[in-house]
Amino acid sequence: MSDATLTAPVGRPTKQTVMIYTRYERFWHWSQAVLIFVLAMSGFGLHGTHGLVPFGLAVKVHSFAAIALIVLWIFTTFWHFTTGQWRQYLPKLSGLPAVIRFYAWGILTGAPHPYTKTLKRKQNALQSLAYLSFMVIIGPALWSSGIVYLTYPWWAHAAIGTIGLPAVAFIHTAAAFLMVTFVMIHVYMTTTGKTPTHYVKTMITGYDTIELTAAEAAYLAEEEREKPRL
Ligand code: HEM
């Protein structure tokens, strides 16, 4: 869909239930969630925070899940660039103060959310900023330190007697704490929709009711008509 088609101001906007999260988007979101949960449980198990998983098993599970997550991230990065969806993460800073004011205060007084989801902009400014920091800071800090950690047997001879390994372990554990903090805030935020489960349902079904410009509605109706009947 070209930008020109999407923004042409033809007729009045309408509210419609449309697919905003494609099948691949939902697949990578939920598989990433499961893998991060498994990595956090096994990682903090081998770190000694809890004793729910034996050390040897925790190392094995952690290594397999880490490789699976890295493969998923490679595919998903490719998907973001080939579909142009990476633009969704560019935060529009002008909208940020209003969204922060809403979460700090307005949410407690029942104020309306200052942002409405559109097809071109599925996330509000705060969400884009949070996901951007997830993708450019927390994610890379974890996988880069994790890969260095994983390859320790190859560089152990050079690191003996240095702070090499403790430094890598420190960066990895610090990033893991940031990841857990991110996930906790993220899960809380998912409960702040029209109902506590509204956003979760949207990420499961892919559908949400949003305002469409007349041009977007016409485009989607046309696309629906042209779909091959299987
Ligand atoms: C994404 C790629 C990741 C890779 C390649 C990776 C790799 C590793 C490796 C090799 C270890 C050391 C295991 C051992 O001692 O033999 C480790 C430890 C650990 N990982 Fe990961 N990991 C990744 C993601 C994560 C995630 C997402 C979390 C948590 C949210 C996490 C949390 C931890 C923790 C807490 C430790 C223990 C650190 C310590 O006490 O030294 N990791 N990781």
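Helices (H or I, at least four residues) and strands (E, at least two) are DSSP runs, numbered from the N terminus. The model is predicted: local features need pLDDT of at least 70, side-chain atom pairs count only at pLDDT 80 or more, and totals for chains, interfaces and linings use all residues. Residues are numbered from 1 along each chain as its sequence is written, and side-chain values use heavy atoms, with hydrogens and water left out.

**Exercise 1. Place M41 and Q32, and classify each by accessibility.**

Step 1. M41 lies in helix α2 (residues 23-47). Q32 lies in helix α2 too.

Step 2. Apply the cut-offs: buried means under 20% relative accessible area, exposed over 50%, partly exposed in between (1.4 Å probe, protein chains only).

Step 3. M41 has a relative accessible area of 31%, so it is partly exposed. Q32 has 8%, so it is buried.

Step 4. Add the spatial partners. M41 and A58 are 17 residues apart in sequence, and their C-alpha atoms are 8.3 Å apart. Q32 and A68 are 36 residues apart along the chain, with 9.2 Å between their C-alpha atoms.

**Exercise 2. Describe the overall layout of the protein.**

Step 1. Count the elements: nine helices and two strands.

Step 2. Read them along the sequence: α-β-α-α-α-α-α-α-α-β-α.

Step 3. Take the burial total: 32% of the 230 residues count as buried.

**Exercise 3. Identify the protein donors of the iron atom of the ligand, and explain the geometry of the site.**

Step 1. Set the criterion. Donors are N, O and S atoms within 2.8 Å of the metal (3.2 Å for Na, K and Ca); water is not among the atoms, so sites may look incomplete.

Step 2. The protein donors are NE2 of H62 and NE2 of H172, lying 2.0 Å from the iron atom.

Step 3. Locate the pair. H62 is in helix α3 (residues 55-83) and H172 in helix α7 (residues 164-190). The two are 110 residues apart, so this pair links distant parts of the chain.

Step 4. Set the geometry rule. Four donors count as tetrahedral if all angles lie between 85 and 135 degrees; four count as square planar and six as octahedral if opposite donors are over 155 degrees apart and all others between 65 and 115; anything else is irregular.

Step 5. The six donor atoms around the iron subtend angles of 86 to 180 degrees, which makes the arrangement octahedral. Ideal angles for six octahedral donors are 90 or 180 degrees.

Step 6. Check burial. H62 is buried because its relative accessibility is 17%. H172 is buried because its relative accessible area is 15%.

**Exercise 4. Test whether the length of helix α4 fits its residue count, then describe its course.**

Step 1. The expected span of a helix is 1.5 Å times one less than its number of residues.

Step 2. Helix α4 (residues 96-109) has 14 residues, so it should span 20 Å. Its end C-alpha atoms are 19 Å apart, which agrees.

Step 3. Look for a bend, the angle between axes fitted to the seven residues ending at a residue and the seven starting there. α4 bends by about 50 degrees at Y103.

Step 4. List the buried positions in α4: L96, V99, F102, Y103 and G106. I100, also in α4, is partly exposed because its relative accessibility is 42%.

Step 5. Look past the end. G110 follows α4 and has a positive phi, near 75 degrees.

**Exercise 5. Describe strand β2, and trace the link from D208 to H198.**

Step 1. Two strands pair if DSSP finds at least two bridges between them. Six bridges join β1 (residues 14-19) to β2, and the strands run antiparallel. T14 stands opposite L212.

Step 2. In β2 (residues 207-212), D208, I210 and L212 form the covered face; Y207, T209 and E211 form the uncovered one.

Step 3. H198 is in helix α8 (residues 198-205). H198 is buried because its relative accessible area is 17%.

Step 4. A polar contact is a pair of N or O atoms within 3.5 Å; within protein, one must be able to donate a hydrogen and the other to accept it, and residues adjacent in sequence count only if both atoms are side-chain atoms. The side chains of H198 and D208 make such a contact, at 3.1 Å.
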